[in-house]
Structure formats: structure tokens, C-alpha cells
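Reader: I would like a close look at one part of this model, the small open sheet and the salt bridge beside it. Please set out the pairing, then the charged contacts.

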Amino acid sequence: MHDIRAIRETPDVYEKAWAAKGSSGKVMELLDLDTRLRAAQTAGQAAQAARNEASKKIGQAKARKDEAEANRLMAEVEALKTDLANHAEMERLAGEHLRAILSSLPNVPAADVPWGADENDNVEVRRWGEPFAIGAAKDHASLGEAMRLMDFEAAARMSGARFVVLKGQLARLERAIGQFMLDLQTREHGYTEVAPPLLVRSETMFGTGQLPKFSDDQFVAFPGLENTRAVAEAGEAPEIRWLIPTAEVSLTNLVREQITPEEELPLRLTALTHCFRAEAGASGRDTRGIIRQHQFQKVELVSITAPEQSDDEHERMVGCAEAVLKRLELPFRTMMLCNGDMGFSARKTYDLEVWLPSEGRYREISSCSNCGDFQARRMDARAKKAGEKGTRFVHTLNGSGLAVGRTLVAIMENYQDEGGRIAVPQALHPYMPGVTHIGGEA
């Protein structure tokens, strides 16, 4: 959500940012609504003041036994009552329209974000590691199916496309990856582990920016919908729940409608959860394998900070995500996204891209974003300094530390040998005692 006062003060900044996202002219529309809203508020206040004054004079007229004046004043009060109702309705309509537009517009990029149209304009910040020398590298799906530990057909029979069944040591490797990531972030990087709900209300999704704009990309549950007739007869609509697309939703909303003492900031939170995405906008992309699934696991990192802390916290968070790939000895590069490739809520984003030998290129495995106060305004999440009366909106940050399925893909492809075996990275040996390789020919 945006501060209309900031839009009034720097309209060109907002117009440029939104025009690049295909929303040209929104600033003029917003400022017009803002003018109408404030005019209705001013007129309403004037009408209320006139009504109060007229009401006071009615008593005075009656005290003088001036019934004609009293009747005139009572008629004036009644007319002002109608005026008040009209102004209130105008204020309500303008306010609702203003809030609807504000909630649909993306965050404005930070000043140091590169300008560009799409991923081709992203800027490489650094690289780590050299791509492994692998001859005819197989993709992870071929490796998993050859080991009979990755079953797409069984998953399709149960759930349809974009699901997988992992078995045996491959399922164990996935579990080991998630536990290793969670332990690293909690034991070494100071994040607090959280076990959050996976089903949330609409206002929770709105808070982090998934609604209303991206409803088609989400999975939704309607409790009681199986008995729609009873619901209709009772005149009650079932309260829906959304399956979280990322634990960012649950973790960030922990400070929803709260005032956090600034002395407790930054809050650093992490969770290993399943995530659910309808991928409505990804038709035809990554249809083979487990790069893009409807259900997957991810370790999420979330920070809640004071405004002046968020830039440094962003760099720290990126380092915490990079540490996972370094421990697993997976080559990667860090990219700063251009404005055209950033997500809805982000003001600045770094992507980590891991090397995949089968594709001969780097693929995204983590995205770390500083959202500034954009989400906090949608959630009404504030902070307060001790001894001060005023509050201010916090800044929120989120990042993957990392996507477990994509990390599994990267390990399978980078640690494969000619016999089709997968070596288990040294960092995961404590989580898979006695297992150094999975599948293939000895």
C-alpha cells in the first residue's frame, strides 16, 4: 500500500514507476480521487459545525419564546443532516475507490535499482564457485526416474500435473536438505524458528500483497462448501482460507496490527513449510521435472526492522541465503533485479541463481526482497520507541533460504557421476549418517 501524501509530494516518481509496469495515468486518477475525498471531508466538517451552531441557537430561540426562529433553525438542522449524509457517502465512495486503486499498484523501486524491462536487464553482482565438469549431464528428472525414486506418473494419478512422489533415499535427501537449511539459519544466523499456519484468511494474504491482484495464482479452500444448500439457507457465506504460497505470508503477518517496541527490532524469523502455488501465469514453463511445482517445501527468511535498518538487513539476508549454497558447494551467481523484473511488493530484490549442468545455465533458487513499508501499511504493522508517543511503520524483508526442491535439483545435477549415482554433499552427511551416494551403478 502507498502513502497518498508521498504521491502528492513526488508524483513523477510514482508515475514513472507505475508506467513501466503498464499502469500509466494512475497518479492523476489517484490525485483526483484524493481531492474529491478531502473536499467531501471538509464539506462534511463544515456542515457538522453549522449543524452544531444551529442546534445551540434553537435552545436560545426557545428560551426567548421565538418559535418562528426555532422552527427555522430546526428546518436548517434537518437540511444539514441530509447534507452530512450526502457528504459522508461521497467520502465513503471516494475513499473506497482510492484504497482499491492504491492496493492494486506495485511498490516503487529503490533509487539504486537498475532500470530495465525484464530478466535480460538484471545486473550480476557476484559469482561463487566454478561449474562442475560433467560430461553428458543428465537432468534431474531422468536421474530420479532411472533410480525409480522420483515418480511423476503416480503423482499425476493422485493429483494431476506438477506434482511428484519422492521415494527412499531421495525422499530422505529432501528431508535432510530442509533440516540442514533450518539448522544453519537458526544456529548460526540468529533466526527464530516458527511453525506457522499453512491456511490463512484473505486479509492475511492481502497484507503481503498476494491479494487481490494475484488471486489466480493461489489455491483456496472453502470450509463447508460441500454443504452449499445449508450454507445458503442459513444466509451465511463460508469463510475461505488460502493455502500459503510461501511462509512469508504467515511470518510477516505475525506483526499484523501490532505495535512492536523498536528496541526488539530487527525480528528475524524462519520456517520450513510446504508451499502451494497454482502457477496460473506459468503455463508451459518447466513442465518437466520439479523446478515448478504446485506443492513444494521452502525455508523462508523474514525480517521486521526499523526503517533505517532495512538496507543493511537486506544485504545480511542475502548473505544468509548465499551461505547455504556455499556450504553445499554449489556454484551460483547473485543478481540484482531491474525494476521490470521485480515482484509486486518489493522495492529492491536480489536473486540467487544456481548452476544446472543439464541446462548449461544458472536458474533462480532464492529471491531476497526489501519491501520497505509497503507491506506494513497493508497490515498496519508499526513500531514505537520507548518514551515516545508516536509510532511509525516497520520495514519488512523476505527471502528464500532456500527452496528445498530446487536445491535437490541442483544437488542431483551437480553431484551426478557417469554411473548415474548422486554424491551426498559433505554438509549433509550428519543428516544422512552412513549414506555417501544415492542410486546408480556402484
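Author: Two strands count as paired if DSSP finds at least two bridges between them. The model is a predicted one. In it, E8 and strand E14 (residues 382-384) pair in the parallel sense, over three bridges. One residue pair can be named: Thr260 has Ala383 in E14 as its bridge partner. In general, the strands of a sheet pair through backbone hydrogen bonds, in either the parallel or the antiparallel sense.

The pair belongs to an open sheet of three strands, in the order E8-E14-E15, and the pairing in this sheet is mixed. Strand E8 (259-261) and strand E15 (392-393) are the edge strands, each pairing on one side only.

A salt bridge involves one of these edge strands. The side chains of Glu262 and Arg392 meet at 2.7 Å, N to O. Glu262 lies in the loop between E8 and strand E9 (267-276) and Arg392 lies in strand E15, so the contact ties together parts that are 130 residues apart in sequence. Glu262 has a relative accessible area of 12% and is therefore buried, the cut-off for that term being under 20%. Arg392 counts as partly exposed because its relative accessibility is 28%.

Two other salt bridges lie within helices. In general, side chains of opposite charge can pair when their charged atoms come close. Glu29 and Lys26 form one such contact, at 3.6 Å, N to O. Both residues are in helix H3 (residues 26-63), three residues apart, which is about one turn of the helix. Glu29 is partly exposed, at 30% relative accessibility, and Lys26 is also partly exposed, at 26%.

The other is in helix H4 (residues 67-104), where Arg92 and Glu96 lie four residues apart, about one turn of the helix. Their side chains meet in a salt bridge at 3.0 Å, N to O. Arg92, at 36% relative accessibility, counts as partly exposed, and so does Glu96, at 39%.

Salt bridges can also join into a network, as they do for Asp3, Arg5, Asp373 and Arg377. Over the whole structure, the search finds 33 salt bridges.

Last, a note on burial in another element. Helix H13 (residues 404-414) is mostly covered, with 11 of its 11 residues buried. Its buried residues include the charged-type names Arg406 and Glu413, along with Val404, Leu408 and Ile411.

Terms used:
Residues numbered from 1 in each chain as written. Predicted model: local features only at pLDDT ≥ 70, side-chain atom pairs only at ≥ 80, totals over all residues. Heavy atoms only, no water. Buried < 20%, exposed > 50% of the residue type's maximum accessible area, 1.4 Å probe, protein only. Salt bridge = Lys/Arg side-chain N within 4 Å of Asp/Glu carboxyl O.
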